[in-house]
Amino acid sequence: MVNASLTQGRLGLPISQRHAIVTQLLKKAGTDSADMASFRQVSNLSFLSKVVERAVANELTEYLPANNLLPCFQSAYRKRHSTKTAMLRVVSDTLMAIDERQVTLLGMLDLSAAFDCVHGRRHGF
């Protein structure tokens, strides 16, 4: 089933294994449980779906870097890269620009709650 999913490019599982159980969880302790905006949806997938997901993730993490398909400064989803390496790069670039007396601007965007507004539904894939 895993190989079929990978070669066909679609989830090759029986219909009974293509459903997620969506549970509502409070985003933060102490928030108003009467307010639906205080909840986030968590999807629990079947075991077989998780196996296929892991196989796809493994294939992609090998294929993308091997074929130079990731931006050279991308830190997410790469071995030996992290938020620390990304921040070190930003600090290093900033300090180098200052040393060269260049104007330096840093725009930052906080996406920590970006997906809190996504509404989950119970459905198949």
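How many salt bridges does the structure hold? The structure holds two, and both appear in the close-ups below, which are drawn from a predicted model.

**View 1. Lys50 and Glu53 form a salt bridge.** Here the closest N and O atoms are 3.6 Å apart. Both partners belong to helix H2, where three residues, or about one turn of the helix, separate them. Lys50 has a relative accessibility of 43%, so this residue counts as partly exposed. Glu53 is likewise listed as partly exposed, with a relative accessible area of 41%. As a general reminder, side chains of opposite charge can pair when their charged atoms come close.

**View 2. Asp93 and Arg89 form a salt bridge.** In this pair the closest N and O atoms are 3.0 Å apart. Asp93 and Arg89 are separated by about one helical turn because they sit four residues apart in helix H3. With a relative accessible area of 35%, Asp93 is partly exposed. Arg89 also counts as partly exposed, at 37% relative accessibility.

**View 3. Helix H2 has a buried face.** Take a moment to follow this helix from end to end. H2 covers residues 47-66, and its 20 residues should span 28 Å at 1.5 Å a residue; the end C-alpha atoms are 29 Å apart, which agrees. Which residues of H2 are buried? They are Ser49, Val52 and Ala55. Seen down the axis of H2, the buried residues fall within an arc of 125 degrees, so they line one face of the helix. Those buried residues pack against helix H1, residues 2-8. On the other side of H2, you will find Phe47, Arg54 and Glu62 exposed. After the helix comes Asn68, which has a positive phi, near 50 degrees.

**View 4. Ser82 caps the N-terminal end of helix H3.** A side-chain oxygen of Ser82 lies 3.1 Å from the backbone nitrogen of Lys84. The helix itself runs over residues 83-99. At 1.5 Å a residue, its 17 residues should span 24 Å, and the end C-alpha atoms are indeed 24 Å apart. Just after H3, look for Arg101, whose phi is positive at about 60 degrees.

**View 5. Ser38 sits in a loop between two strands.** Strand E1 (21-26) lies on one side of this loop in the sequence and strand E2 (39-44) on the other. Is Ser38 buried or exposed? Its relative accessibility is 8%, so Ser38 counts as buried, the cut-off for buried being under 20%. A polar atom of the Ser38 side chain lies 2.8 Å from the backbone oxygen of Asp32. Leaving aside residues up to four places away in sequence, Ser38 touches Leu25, Leu26, Lys27, Thr31 and Asp32.

**View 6. Confidence varies along the chain.** The protein chain has a mean pLDDT of 82, and 90% of its residues reach 70 or more. Among the elements, H3 has the highest mean pLDDT, at 91, while H1 has the lowest, at 84. Over residues 120-125 the pLDDT is below 50, although this stretch has 15 contacts in the model beyond near neighbours in sequence. Where pLDDT is low, the predicted coordinates should not be read in detail.

Terms used: Residues are numbered from 1 along each chain as its sequence is written. This is a predicted model: local features need pLDDT of at least 70, side-chain atom pairs count only at pLDDT 80 or more; totals for chains, interfaces and linings use all residues. Side-chain values use heavy atoms; hydrogens and water are left out. Buried means under 20% relative accessible area, exposed over 50%, partly exposed in between (1.4 Å probe, protein chains only). A polar contact is a pair of N or O atoms within 3.5 Å; within protein, one must be able to donate a hydrogen and the other to accept it, and residues adjacent in sequence count only if both atoms are side-chain atoms. Contact means heavy atoms within 4.5 Å. The expected span of a helix is 1.5 Å times one less than its number of residues. The arc is that of the directions from the helix axis to the C-beta atoms. A salt bridge is a side-chain nitrogen of Lys or Arg within 4 Å of a carboxyl oxygen of Asp or Glu. pLDDT is the predictor's confidence in each residue, from 0 to 100.
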